Amino acid sequence: MALKNLWEQERSQRLQITAERRQQVNQWKQLTQQEFQMQADLLHQELSSFVTSLHNNRNLQQQQFQQEIVERQLEILQIKTDVSQRQQEYRQQRAAKAQALFQDLQNFRATLHNSVWGNYSHEQAVYLTPAQEEKLVATVQKWSISRSVIKATGFRPSANTITKKVSASNADTLKSKVQQYIQQAEGATLIEIEEVIGLSRVQTIDILRSLIKQGVLEQRDRQYFIRQQAIS
């Protein structure tokens, strides 16, 4: 009987110890769950705060980027406006220079026509293309050189040979005058010979052809020169 009571007492103690341990486990479990819940709540708060901050930063950067785009567009528009204004100013300056150059060319043409042919009038003016104008300037320069050479050497055509057309009976004399003029002028064109000597176009062409056939003259670039062999 005493053994049975001892066993029951030990059994009761074991049950009490088991109940205490179970209670401790439940308490530890409850504490652990509370701690996990606190950590989860804290992590959730931090994550929410990070997402909110990230969203705000993204919105702020997007606004700044859009503002920069607007500023760049305004700068590009300003640059285009400046370029357009400069192009307009350049066109106006170029048009003014072209007008001034055209006016100078008109004055030069009037002076040239008056000095060569005389009695210039606006109705008689001949408007030339740029290529013809360059050719005319080169011809006038050549005439100036030729006439200065003639003045230095003392060659003077008579008034009758300038104002009147000479007859064909003086062919040798005309050839001599043409040859002398070309030699002193160091080259001359058909128009120069025709105007200075006072010949007709047909007479000038016939004399030049005859001198070329005789080997006295040679033609280069619409100008006639004395052959070197003929000079020597």
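# Note on helices H4 to H6 and the salt bridges

1. Arg 201 is partly exposed, with a relative accessible area of 41%. In this predicted model, Arg 201 pairs with Glu 194 in a salt bridge whose closest N and O atoms lie 2.7 Å apart. Glu 194, by contrast, is buried, and its relative accessible area is 13%. The pair thus joins a partly exposed arginine to a buried glutamate. In general terms, side chains of opposite charge can pair when their charged atoms come close.

2. Some context for the whole chain is useful here. The protein chain contains 7 helices and 3 strands, and their order along the sequence is α-α-α-α-β-α-α-β-β-α. Of the 232 residues in the protein chain, 20% are buried. Among contacts between residues at least 6 apart in sequence, 56% link residues that are at least 24 apart.

3. How many of the 8 residues of H5 are buried? The number is 6, so H5 is largely enclosed by the rest of the structure. The buried residues of H5 are Leu 190, Glu 192, Ile 193, Glu 194, Val 196 and Ile 197. Two glutamates, Glu 192 and Glu 194, therefore appear in this buried set, under the cut-off of 20% relative accessible area. Just after H5, Gly 198 adopts a positive phi of about 90 degrees.

4. The packing of H5 may be considered first against H4. The axes of helix H4 (residues 171–185) and helix H5 (residues 190–197) come within 11 Å of each other and cross at roughly 120 degrees. H4 and H5 are therefore oblique to each other, because the range counted as roughly perpendicular runs from 65 to 115 degrees and that counted as roughly antiparallel begins over 145. The crossing of H4 past H5 is right-handed. On the H4 side the contact is made by Lys 177, Val 178, Tyr 181 and Ile 182, and on the H5 side by Glu 192, Ile 193, Val 196 and Ile 197. By class, this contact of H4 with H5 comprises 6 nonpolar residues and 2 charged residues, with no polar ones. As general background to such spacings, an α-helix has 3.6 residues a turn, so residues three or four places apart point the same way.

5. H5 also packs against H6. The axes of H5 and helix H6 (residues 201–213) come within 10 Å and cross at roughly 115 degrees; this crossing, too, is right-handed. The residues in contact are Leu 190, Ile 191, Ile 193 and Glu 194 from H5, together with Arg 201, Thr 204, Ile 205 and Leu 208 from H6. The contact of H5 with H6 has 5 nonpolar residues, 1 polar residue and 2 charged residues. Glu 194 and Arg 201, both listed in this contact, are the partners in the 2.7 Å salt bridge of point 1. Ile 193 of H5 is listed both in the contact with H4 and in the contact with H6.

6. Which residues are joined into one network by salt bridges that share partners? The search of the whole structure finds 4 salt bridges, among them one between Arg 220 and Glu 218, with an N to O distance of 2.4 Å. Arg 220 is partly exposed at a relative accessible area of 40%, and Glu 218 also counts as partly exposed, at 21% relative accessibility. Glu 218 forms a further salt bridge with Arg 227, in which the closest N and O atoms are 3.9 Å apart. Arg 227 is partly exposed as well, at 32% relative accessibility. Through these shared partners, Glu 218, Arg 220 and Arg 227 form one network.

7. The loop between S2 and S3 deserves inspection of its backbone. Asp 221 lies in the loop between strand S2 (217–220) and strand S3 (223–226), and Arg 222 is placed in that loop as well. Asp 221 has a positive phi of about 55 degrees, although it is not a glycine. For Arg 222, phi is near 65 degrees, again a positive value in a residue other than glycine. Are these loop residues buried or exposed? Asp 221 is exposed, with a relative accessible area of 75%, and Arg 222 is exposed at 61%.

Definitions and conventions
Residues numbered from 1 in each chain as written. Predicted model: local features only at pLDDT ≥ 70, side-chain atom pairs only at ≥ 80, totals over all residues. Heavy atoms only, no water. Axes fitted to C-alpha atoms, helices over the stretch in contact; angles between N-to-C directions. Helix = DSSP H or I, 4+ residues; strand = E, 2+ residues; numbered from the N terminus. Parallel < 35°, antiparallel > 145°, perpendicular 65-115°, else oblique. Left-handed = near helix turned anticlockwise from the far one by under 90°. Contact = heavy atoms within 4.5 Å. Nonpolar A, V, L, I, M, F, W, Y, C, P; charged D, E, K, R; others polar. Salt bridge = Lys/Arg side-chain N within 4 Å of Asp/Glu carboxyl O. Buried < 20%, exposed > 50% of the residue type's maximum accessible area, 1.4 Å probe, protein only.
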